[in-house]
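Trainee: I should like to understand how the descriptive terms for a protein model are justified. May we go through them one at a time?

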Amino acid sequence: MSRILGLVAALCLAFASPVLAQEPDARRVELAERLMEASQGDYLNNLSKLMEQEVTSAMGGMETLPADQAAWLRRNVPDMAVRMVQDMLPRIATLYAETFTEEELEAQLALYEGPLGRSIANKGMRLGIAQAQLMQEAQVRYLQEMITKFCADFDCAAGIDSAKPARR
């Protein structure tokens, strides 16, 4: 599941920009949609398959769940995750169109619709996904360290909600 969130985060980061240009017109929205498709390489075109693979991989460690719950998640989550991302795409296109001028969108399209741009887009998405996975691993290590140190100073046997300073 966290890989899916990583993929969504990568997509969001790929579409993010700190400065919004102006209210978009229909031409800029159309250019933005083309740019999104071109700049995401094979990932956007294969979104359903990729999400299903990620969900299946992330759900591999569901031994702790009852079999019926694990089966339900495997059956339903990939579709729901794909719909979530597909629902976001028009809003992200609007952000692109608000962020970039028509000239900027056309310049990016000139790059991404060519062979070099397609190569960069494919590598960029793989890089974004790998970065999200590294961030997830770092967060897990951080939380493990925090909990270990917290429980060294407080009695965690009863649960974090009722943690009290340990007697020394």
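Mentor: The discussion below sets values against definitions.
This is a predicted model, in which local features need pLDDT of at least 70 and side-chain atom pairs count only at pLDDT 80 or more, while totals for chains, interfaces and linings use all residues. Residues are numbered from 1 along each chain as its sequence is written, and side-chain values use heavy atoms, with hydrogens and water left out.

Trainee: Which helices and strands does the chain contain, and how many are there?

Mentor: The chain has seven helices and zero strands, and its pattern along the sequence is α-α-α-α-α-α-α. Helices (H or I, at least four residues) and strands (E, at least two) are DSSP runs, numbered from the N terminus.

Trainee: What describes the packing of two helices?

Mentor: Two packed helices are described by the angle between their axes and the distance between those axes. The axes are lines fitted to C-alpha atoms, for helices over the stretch in contact, and angles run from 0 to 180 degrees between N-to-C directions.

Trainee: Is α2 roughly parallel or roughly perpendicular to α5?

Mentor: Helix α2 (residues 26-39) and helix α5 (residues 67-99) pack at an angle of about 110 degrees, with their axes 8 Å apart. Therefore α2 is roughly perpendicular to α5. The classes are: under 35 degrees roughly parallel, over 145 roughly antiparallel, 65 to 115 roughly perpendicular, and the rest oblique. The crossing of α2 and α5 is right-handed; a crossing is left-handed if the near helix is turned anticlockwise from the far one by less than a right angle, and right-handed if clockwise.

Trainee: Which residues make the contact of α2 with α5?

Mentor: Among them are Val-29, Ala-32 and Met-36 of α2, and Leu-89, Ile-92 and Ala-97 of α5. Contact means heavy atoms within 4.5 Å. The residues of this contact divide into nine nonpolar, one polar and three charged. Here Ala, Val, Leu, Ile, Met, Phe, Trp, Tyr, Cys and Pro count as nonpolar, Asp, Glu, Lys and Arg as charged, and the others, Gly among them, as polar.

Trainee: Is α2 roughly parallel or roughly perpendicular to α6?

Mentor: Helix α2 and helix α6 (residues 102-112) pack at an angle of about 25 degrees, with their axes 9 Å apart. Therefore α2 is roughly parallel to α6. The crossing of α2 and α6 is left-handed. The contact includes Leu-31 and Leu-35 of α2 and Leu-105 and Leu-109 of α6, and its residues divide into seven nonpolar, two polar and five charged.

Trainee: Why is Ala-97 called buried or exposed?

Mentor: Ala-97, in helix α5, has 0% relative accessibility, so Ala-97 counts as buried. Buried means under 20% relative accessible area, exposed over 50%, and partly exposed in between (1.4 Å probe, protein chains only). Pro-90 also lies in helix α5, but at 46% relative accessibility Pro-90 counts as partly exposed. Of the 168 residues of the chain, 32% count as buried.

Trainee: How do you know that Cys-151 and Cys-156 form a disulfide?

Mentor: Their sulfur atoms are 2.0 Å apart, and a disulfide is a pair of cysteine sulfur atoms within 2.5 Å. A search of the whole structure finds one disulfide.

Trainee: What makes this disulfide left-handed?

Mentor: The torsion about the S-S bond of Cys-151 and Cys-156 is about -100 degrees, so the disulfide is left-handed. Cys-151, at 29% relative accessibility, counts as partly exposed, whereas Cys-156, with a relative accessible area of 19%, is buried.
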